[in-house]
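Visitor: Please show me the model. I would like to know what stands behind the labels used for it.

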Amino acid sequence: MTNSLLSQLPSPASKRIALRVSAPAERALRQNHPWVFDQAIIEQSHQGAPGDLAVIFDNKRRFLAIGLYDPTSSIRVRILQHRQPAIIDKNWFQTKIMAASQIRKPLTQQLTDGYRLIHGENDGLPGLVIDRYAETLVLKIYSPSWIPHLKEFCSALAQVHPSKRLILRLSRSLNKQSGFLYGLEDGMTLTGHPSEGLLLFQENGLTFECDPIHGQKTGFFLDQRENRARVEKLSKGKSVLNVFAYTGGFSVYAARGGAKEIVSVDISAPAIQAAINNFSHNLHIPTVKSAVHETIAEDAFEVLARMESQKRFFDLVIIDPPMFAQNQSQVAAGLAAYRKLTRLGLSVLRSGGVLVQASCSSRIDAQSFFDAIHQSARESNRRLIEIERTSHALDHPIGFEEGAYLKCLFATAA
């Protein structure tokens with residue numbers, strides 16, 4: 001069944017908005033940047049509603065780009081197409097979804113049916129992501145400008161990637177813009193039958209559960225899949241501490257890799273319960289069944305400090321915290337928090353043990369992050385010998401500079 005709400009959504013205005021932008025914005029568009037900010041607009045033909053199509057011309061009135069207009073955001077236009085004019089319709093969406101789907105094809109050969117199918121701007125669909133969990137797709141939108149296009153977009157999606165159901169998630173800011181939602185609600189099922197509770201999916205042959213309606217993001221942190229696989233290879237016979245464990249992804253991989261003892265720490269009791277469940281979903285694997293798994297639902301900083309005072313040491317310490325810097329003004333505090341975590345992590349890491357530390361703060365660039373870890377290690381009189389630095393997996397491609405957010409350091413601590 002298709003939700004009748006989709007058919008009742010408004011269509012974008014037939015009249016397109018014509019825009020001219022500043023010279024720096026023109027240059028950015030020529031380099032395929034996906035955003036036009038409000039302050040960059042120097043001429044506009046008429047006011048528009050969210051989702052109206054805006055065409056940007058250069059100073060010689062030549063076509064530069066077309067995108068979704070959003071008067072509610074400082075990102076005034078989210079660019080769909082550069083250089084060549086295009087009709088933005090079901091066929092256009094279908095071509096984009098198909099291109100994104102092709103990039104992810106290798107994952108389906110890896111016993112994986114949980115991954116990001118569309119990664120927003122980086123797949124040419126700014127302000128929209130789709131995550132796949134087995135037969136369920138979760139569509140998350142970050143701008144009201146997508147709503148007038150959802151009917152055609154969902155129709156195109158069903159053609160390219162049929163699913164049992166399509167669940168809608170709305171960003172926090174969009175959820176507050178009820179005047180533009182036309183009855184759409186966060187967590188509603190757009191197409192198919194609503195799911196009964198939790199979903200199970202496969203990642204590299206392991207089974208995980210996720211709550212696509214109440215969970216963080218769309219229910220799981222799919223972007224760390226390849227780093228989890230790296231941890232599995234480093235875990236044999238080791239004691240492992242997984243801090244900010246969320247639902248225990250790294251912990252389950254460590255267990256399959258042969259870790260003898262794993263401690264999962266997260267402040268969220270429901271997340272820790274999900275981590276326990278994720279172990280139980282994989283008990284048919286002998287190494288998971290034999291691993292000792294301890295869970296602690298407390299603040300990570302406090303737990304690390306307590307373990308330091310107890311002189312409790314581990315062979316492998318994983319630190320994968322939430323975003324520390326939402327904007328530029330938080331960068332210094334974010335780097336200080338990473339340095340503190342490095343110090344605390346090293347205080348419970350045996351000599352010769354492995355530190356795995358990640359950041360998902362796009363405002364903090366990779367070099368600053370890695371430098372902060374090394375600085376903190378030096379101050380702790382520990383020498384880090386890097387194993388590798390990792391970035392994005394293939395289902396989280398980087399299409400522009402600001403699209404890069406994930407970085408992770410694997411290092412042995414002397």
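Guide: Start with a hairpin. Five residues link strand 5 to strand 6 in this hairpin. Keep in mind that the model is predicted.

Visitor: What makes strand 5 and strand 6 a pair?

Guide: Pairing needs at least two bridges between two strands. Strand 5 (residues 63–69) and strand 6 have five bridges, and they run antiparallel. The criterion is therefore met. For a landmark, look at Tyr69, which stands opposite Val77 in strand 6.

Visitor: How do you know that strand 2 also pairs with strand 6?

Guide: Apply the cut-off of at least two bridges. Strand 2 (residues 35–37) and strand 6 share three bridges, so they count as paired. Their sense is antiparallel. Here Trp35 faces Arg78 of strand 6.

Visitor: Why is strand 6 called mostly covered?

Guide: A residue is buried when its relative accessible area is under 20%. Eight of the eight residues in strand 6 are buried, so the strand is called mostly covered.

Visitor: What does strand 6 contribute to the second largest pocket?

Guide: Strand 6 (residues 75–82) gives the largest share of the lining, four residues. The lining has 13 residues in total. Nearest the pocket centre lie Asn32, His82, Lys96, Glu121 and Gly124. The space in this pocket is about 240 Å³.

Visitor: How do you know which class Gly124, Lys96 and Glu121 belong to?

Guide: Gly counts as polar, while Lys and Glu count as charged. So Gly124 goes with the polar residues, and Lys96 and Glu121 with the charged ones. Over the lining of this pocket, the classes are five nonpolar, six polar and two charged residues.

Visitor: Now the other sheet. Why are strand 16 and strand 19 called edge strands?

Guide: The sheet is open, with seven strands in the order 16-15-14-17-18-20-19 and mixed pairing. Strand 16 (292–296) and strand 19 (384–390) each pair on one side only, and that makes them the edges. On average, neighbouring strands in this sheet are turned by 15° against each other, direction ignored.

Visitor: What makes strand 14 and strand 17 a pair?

Guide: At least two bridges are required. Strand 14 (residues 239–243) and strand 17 (residues 314–319) have four, so they pair. The sense is parallel. Leu241 stands opposite Val317 in strand 17.

Visitor: Which strands does helix 6 lie across?

Guide: Helix 6 (residues 225–234) lies across strand 17, strand 18 (349–359), strand 19 and strand 20 (407–413). Its angle to strand 20 is about 15°.

Note on methods. Residues numbered from 1 in each chain as written. Predicted model: local features only at pLDDT ≥ 70, side-chain atom pairs only at ≥ 80, totals over all residues. Heavy atoms only, no water. 1 Å grid on protein atoms, 1.4 Å probe; cavity = no way out; pocket = protein on both sides within 12 Å on 5 of 7 lines; lining within 4 Å. Points joined across faces, edges and corners; volume = space filled by probe spheres on them. Helix = DSSP H or I, 4+ residues; strand = E, 2+ residues; numbered from the N terminus. Buried < 20%, exposed > 50% of the residue type's maximum accessible area, 1.4 Å probe, protein only. Axes fitted to C-alpha atoms, helices over the stretch in contact; angles between N-to-C directions. Contact = heavy atoms within 4.5 Å.
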